[in-house]
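Subject: The structure I promised you

Hi,

Here is the structure we talked about, ready for you to open. Have a look around it first, and then read on for what I found.

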Amino acid sequence: MAISINTNLAANQAMASLHANQNELDQALNRLASGSKVDQVTEDAEVQRLSAIIKRFKSAKANIANAMSFTQAQQGYLKGVADALERMGELAMIANDETKTTDDRAAYNEEYKQLYSFIEETVTKSFNGRELYNDEDLMVSAGAAAADAATLNGINLQHGYADGTTWPPIATDEDGNEVSVEAVNENLFAFYEVLRKERDADGNATGNPETDISTLAKARTILTKIENALLAVSRYRATVGAHQSSLEGHVHQIDVAIDNYDASRGRIQDVDVAEESTRLAKYNILVQSSTAILAQANQIPQNVLRLLN
């Protein structure tokens, strides 16, 4: 190899090695300091994409928690309605006794009307501005994609009994035809009959039920209706229970998805401390050795002076 003053190939090569080793050392130090090994645009974009998916899953999980609270409110109020109907049936049975006087039945009827008012108020309850029993289906996000959704089927306890001009209440059969609720759901129709409002000659609600237990005949009439109404409420409680089970299943699926996406993100992003510590020690030594070699390579041009002498 020629000896020259202007070009020191050995020093240039040593300097290139020093720069490369220093870059590797800096990278190892940065990864250990940050805990992240992402240092390329493509990797960073992938990590960001996975993070966005995880955040959407967590938001969906929060939505499901709200939907669960919604169903718990439904279930709690339905239990109150069932308890009230049960007591109303008990009072109707007590009134269905020929040994009871009119005054006896009037006393039982006062409690009966209070329970009626309680149910009438309960079926109009809402949760966070959304009515609980107006037959409206609710779609709840249940995943990271817009198409991932759980459906809460509506519960209808607010039918036409509230409207003096609509009796019997109307429903839609399987063929899409309008028919009486009685033809579609006899038990639900009984519930509406129990809650049917009494109206005066002008069509205004009096605040009392259409059928109470003030007489022996009325008590006997309402007994079967209350029994069927209880069956309707029990069916709706089972529906709400099924909704809750479905929501719990979606929560479990989301938890599994979050764990797996988080693991995928971790494999791209998280630094292996043992591996990076080994790299740090390796390149620390190489930087020191490259520095020493560069110092020696810089002494090579001085050999020209010896030749000139």
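Let's begin with Asn128, which sits in the loop between β1 (126–127) and β2. Keep in mind as you look that this is a predicted model. Asn128 has a phi near 55 degrees, which is a positive value in a residue other than glycine. Most residues other than glycine have a negative phi. Is Asn128 buried or exposed? With 75% relative accessibility, Asn128 counts as exposed.

A little further along, in the loop between β2 and β3, you will come to Asp135. Asp135 is not a glycine either, yet its phi is positive, at about 70 degrees. Its relative accessible area is 43%, so Asp135 is partly exposed.

Asp135 also takes us to Asn156, since the residues that Asn156 touches include Asp135, along with Tyr133, Leu188, Tyr192 and Tyr236 (leaving out residues up to four places away in sequence). Asn156 belongs to the loop between β4 (149–152) and β5 (170–172). Although it is in a loop, Asn156 is buried, because its relative accessible area is 12% and the cut-off is under 20%. Its side chain reaches the backbone nitrogen of Gln158 at 3.1 Å.

Two of those partners, Leu188 and Tyr192, are among the buried residues of α5, together with Phe189, Ala190, Phe191 and Val194. At the N-terminal end of α5 there is a cap: a side-chain oxygen of Asn185 lies 3.3 Å from the backbone nitrogen of Asn187.

Now for the inside. The largest nonpolar core has 53 residues, and those touching the most other members are Leu85, Met88, Ile119, Leu157, Phe191 and Val194. Two or more residues each come from α2 (41–95), α3 (102–122), β3 (138–141), β4, α5 (186–194) and α6 (216–269). The largest share, 18 residues, is from α2. To see how this looks from one residue, pick Phe191: not counting residues up to four places away in sequence, Phe191 touches Val81, Leu85, Ile119, Val123, Leu157, Ala229 and Val233. Apart from the largest core lies another one, of 8 residues, including Leu18, Leu25, Val287 and Leu294.

There is some empty space to look at too. How many cavities of 30 Å³ or more are there? The count comes to 1, and the volume of this largest cavity is about 60 Å³. Its lining includes Phe70, Gln74, Arg130, Glu131 and Leu138, and the elements giving two or more residues to that lining are α2 and β2 (130–131).

The second largest pocket holds about 220 Å³ of space. Asn128, where we started, is one of its lining residues, and so are Phe70, Arg130 and Leu138. Both α2 and β3 supply at least two residues of this lining, with the largest share, 4 residues, coming from α2.

Finally, some overall numbers. The protein has 8 helices and 8 strands, and 35% of its 309 residues count as buried. Of the contacts between residues at least 6 apart in sequence, 72% join residues at least 24 apart. The exposed area is about 17800 Å², with carbon and sulfur atoms supplying 49% of it.

Happy browsing!

Note on methods
Residues are numbered from 1 along each chain as its sequence is written. This is a predicted model: local features need pLDDT of at least 70, side-chain atom pairs count only at pLDDT 80 or more; totals for chains, interfaces and linings use all residues. Side-chain values use heavy atoms; hydrogens and water are left out. Buried means under 20% relative accessible area, exposed over 50%, partly exposed in between (1.4 Å probe, protein chains only). A polar contact is a pair of N or O atoms within 3.5 Å; within protein, one must be able to donate a hydrogen and the other to accept it, and residues adjacent in sequence count only if both atoms are side-chain atoms. Contact means heavy atoms within 4.5 Å. A nonpolar core is a set of buried Ala, Val, Leu, Ile, Met, Phe, Trp, Tyr and Cys residues joined through side-chain atoms within 4.5 Å. Accessible areas come from the Shrake-Rupley method with a 1.4 Å probe; for residues, only the protein chains shown count as cover. On a 1 Å grid over the protein atoms alone, a cavity is a set of points where a 1.4 Å probe fits but cannot get out, and a pocket is an open set with protein on both sides within 12 Å along at least five of seven lines; lining residues have an atom within 4 Å of a point. Grid points are joined across faces, edges and corners, and a volume is the space filled by probe spheres set on the points.
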